[in-house]
Amino acid sequence: MDYDMVVIGSGPSGRRAAVQSAKLGKSVLVVDRGRRLGGVSVHTGTIPSKTLRETVLNLSGWRERGFYGRGYRVKQDISISDLVDRLHKTLDHEVEVLQHQFMRNTVRSARAAVKFLTPNKVSLTADNGDYSEVGFANALIAVGTRPHRPADVPFDKKRVFDSDEMLELHHLPRTLTVIGAGVIGVEYATIFSALDVPVTLVEPRNTILDFIDREIVDDFIHQMRDRGMTIRLGSTVKEIASKPDHAEVTLADGRTIRSEMVLYAAGRTGNVASLGLDLVGIEADARGRIKVDPHTFQTSVSNIYASGDVIGFPSLASTSMEQGRVAACHAFGVNLPPPPESFPYGIYAVPEISTVGLSEEQVRESGAAYEVGLARFRETSRGHIMGVSSGFLKLLFSVETRRLLGAHIVGEGATELIHIGQAVINLGGTVDFFVNNTFNYPTLAEAYKIAGLDAWNRMGQG
């Protein structure tokens, strides 16, 4: 059978492209080789790690420790089953919603391994060996990524794990070493730290999260160290060894870190090896990433698109969804307005970090005059009520136009609060919006008013 659109992968990007294509009246087939629909995002990535984080914060009483002290816990003995029970319920619900969404929009799905045969035909091979060929007018590669697993790292699911395997732990580690301080590394490191597991975070570079405003990152590192995490920046790993009763990480400077478990979270690789890209002339780089036109998401073959993590940065579920929708619209000749330049980043660590627009470093590099407004959550009444003692909001304004250039948050609710900053930036709002508008009281969102006034007091009236 031939389809208007064949989507390979059912994660955020593939799912959004499939539904958008169906809404345009097109015939759609989604193929995924996983046991269930949902892709990496639902089963090993975004949803599981965020569910794990929420469960940990609830059961550990982390959010109430500002009032009741660091020794406070809602549940004294938290087991791995406490964490996994909620995880399975969430994942079941996500898959159910996705299946219903496909059914409602008459999107067909198949479980099979896919291989390109020509620019208009793929083969499907099911687990039981059943083989079929399907023709298509357009295809979208949305296969996502998997953890990078170097040959010299002794992954054994007992002492040394990758980030996918962290969801299959049999018990909570007494001590944990996390190698790689990218987004995934810092999320897992801080989640386990919130469970009072002693954590060592190792990163070969001297800085972390380089795409985030430095002041936010500095505060984040301070908060991690303040609660007892060990952070080793500029430390290259020489060797990882799995011993009978512990794991041993040897650094290039000769130091050794012993812990019960090691999480290796240094990078990810695109799931493209079995797709037969060479048969249609599409190239992937050493990390399995596919190059695309940044506006249309077309690969070097015009009717084959790629989107989501497999095309690289920013590798966010939110941007992947939009990429899938844009690719589907382009494939079927629907003209979309150019997207706003600014979209938010969310890092679901403990504490959360979220950012939109320009960082202070970027504004400074541009040479434009700017002013900064700061608001600490402990200055808000809602912060007092919640027992929030740390975290802040930082706003950057142009002195010349008074417009908001960037909003950056570290602390409770950061990923929700950032959308106010996003709206003001993309609608061309100024410092006066924050000063002249009334915010609900008491709320953490009131920090926008405080930060706006902070900048306005130095900028004066326009």
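Two strands are taken to pair if DSSP finds at least two bridges between them. In this predicted model, that criterion is exceeded by strand S9 (residues 176–179) and strand S15 (residues 261–264), which run parallel and are joined by four bridges. Within S15, Tyr264 is the residue that stands opposite Ile179.

These two strands belong to an open sheet of five strands, arranged in the order S8-S15-S9-S10-S11 with parallel pairing. Strand S8 (160–162) and strand S11 (230–233) each have a single partner strand and stand at the edges, so one side of each is left without a neighbour in the sheet. On average, neighbouring strands of this sheet are turned by 20° against each other, direction ignored. Helix H6 (residues 183–194) lies across S9, S15 and strand S10 (199–203), and runs at about 165° to S10.

Helix H5 (residues 80–104) comprises 25 residues. The distance from its first C-alpha to its last is 36 Å, close to the 36 Å expected at 1.5 Å a residue. Its buried residues are Ile80, Asp82, Leu83, Val84, Leu87, Leu91, Val95, Leu98 and Phe102. The helix is followed by Thr106, which has a positive phi near 50°.

H5 also contributes to an internal void. The structure holds one cavity of 30 Å³ or more, and the largest cavity contains about 60 Å³ of space. Its lining consists of Leu52, Ile80, Leu83, Val84, Leu87, Met166, Leu167, Leu169 and Phe192. With four residues, H5 gives the most to this lining.

Note on methods: Residues are numbered from 1 along each chain as its sequence is written. This is a predicted model: local features need pLDDT of at least 70, side-chain atom pairs count only at pLDDT 80 or more; totals for chains, interfaces and linings use all residues. Side-chain values use heavy atoms; hydrogens and water are left out. Axes are lines fitted to C-alpha atoms, for helices over the stretch in contact, and angles run from 0 to 180 degrees between N-to-C directions. Contact means heavy atoms within 4.5 Å. The expected span of a helix is 1.5 Å times one less than its number of residues. Buried means under 20% relative accessible area, exposed over 50%, partly exposed in between (1.4 Å probe, protein chains only). On a 1 Å grid over the protein atoms alone, a cavity is a set of points where a 1.4 Å probe fits but cannot get out, and a pocket is an open set with protein on both sides within 12 Å along at least five of seven lines; lining residues have an atom within 4 Å of a point. Grid points are joined across faces, edges and corners, and a volume is the space filled by probe spheres set on the points.
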